[in-house]
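Q: Could you pick out one part of this model and take me through it slowly, connecting each detail to the next? I am in my first year, so please explain each term when it comes up.

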Amino acid sequence: MAGSSHGHTPAAWTGVTIAIIGFCVAGAFMVLANPLGFWGGMAIVILGGIVGWIMSAMGMGQPKKTHPVHRTAEQREPAGAES
């Protein structure tokens, strides 16, 4: 994963940060036995995914042409090649 720069983009960092905050909010309200606050935290988690997706669509994510999954066979390096 580290070789493909997986997740090292503003879109990924922002989306994951928002989702972690939502997870913490949901966890705190779950301990406090407050269902409304829990679902509010879960909404923040979903918001993090949406924000990350929108930022990626705006060009702040990893370009698909550089991601190994989206490269064609002629663009890939031979199996034994070292970079």
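A: Two residues touch, or are in contact, when they have heavy atoms within 4.5 Å of each other. The model is predicted, so local features need a pLDDT of at least 70 and side-chain atom pairs count only at pLDDT 80 or more, while totals for chains, interfaces and linings use all residues. Residues are numbered from 1 along each chain as its sequence is written, and side-chain values use heavy atoms, with hydrogens and water left out.

The part to look at closely is threonine 9 and its surroundings. With residues up to four places away in sequence not counted, threonine 9 touches Met60, Gly61 and Gln62. Threonine 9 lies in the segment before α1, where a helix is a DSSP run of H or I with at least four residues, a strand is a run of E with at least two, and both are numbered from the N terminus. Its relative accessible area is 11%, and therefore threonine 9 counts as buried; buried means under 20%, exposed means over 50%, and partly exposed is the range in between, all with a 1.4 Å probe and protein chains only.

Threonine 9 also reaches forward to the helix that follows, since a polar atom of its side chain lies 3.2 Å from the backbone nitrogen of alanine 12. Such a polar contact is a pair of N or O atoms within 3.5 Å; within protein, one must be able to donate a hydrogen and the other to accept it, and residues adjacent in sequence count only if both atoms are side-chain atoms. Alanine 12 itself is found in helix α1, residues 10-31, and its relative accessibility of 24% makes it partly exposed. Although alanine 12 and methionine 60 are 48 residues apart along the chain, their C-alpha atoms are separated by 8.7 Å.

Histidine 8 lies in the segment before α1 as well, but at 52% relative accessibility histidine 8 counts as exposed. The C-alpha atoms of histidine 8 and glutamine 62 are 7.9 Å apart, with their positions 54 residues apart along the chain.

From here it helps to follow α1 along its length. The expected span of a helix is 1.5 Å times one less than its number of residues, so the 22 residues of α1 should span 32 Å, and the end C-alpha atoms of α1 are indeed 32 Å apart. Within α1, the buried residues are Ala11, Gly15, Gly22 and Ala26. These buried residues cover an arc of only 40° around the axis, which puts them on the same side of α1; the arc is that of the directions from the helix axis to the C-beta atoms. On the other side of α1, Trp13, Cys24 and Val31 are exposed. What covers the buried residues of α1 includes α2. Further along α1, isoleucine 20 is partly exposed at 49% relative accessibility, and its C-alpha atom lies 8.9 Å from that of isoleucine 44, a residue 24 places away in sequence.

Next comes the link between the helices. Alanine 33 lies in the loop between α1 and α2 and is exposed, at 64% relative accessibility. Alanine 33 has a positive phi of about 60° although it is not a glycine. Most residues other than glycine have a negative phi. Asparagine 34 then caps the N-terminal end of α2, with a side-chain oxygen 3.2 Å from the backbone nitrogen of leucine 36.

Helix α2 covers residues 35-60, and its 26 residues should span 38 Å by the rule of 1.5 Å a residue; its end C-alpha atoms are 35 Å apart, which agrees. Gly37, Gly41, Gly48, Gly52 and Met55 are the buried residues of α2, and what covers them includes α1.

Stepping back to the whole protein, there are two helices and zero strands. Of its 83 residues, 16% count as buried. Among the contacts with a separation of 6 or more, 58% come from residues 24 or more positions apart. Threonine 9, touching Met60, Gly61 and Gln62, shows what a contact between distant parts of the sequence looks like.
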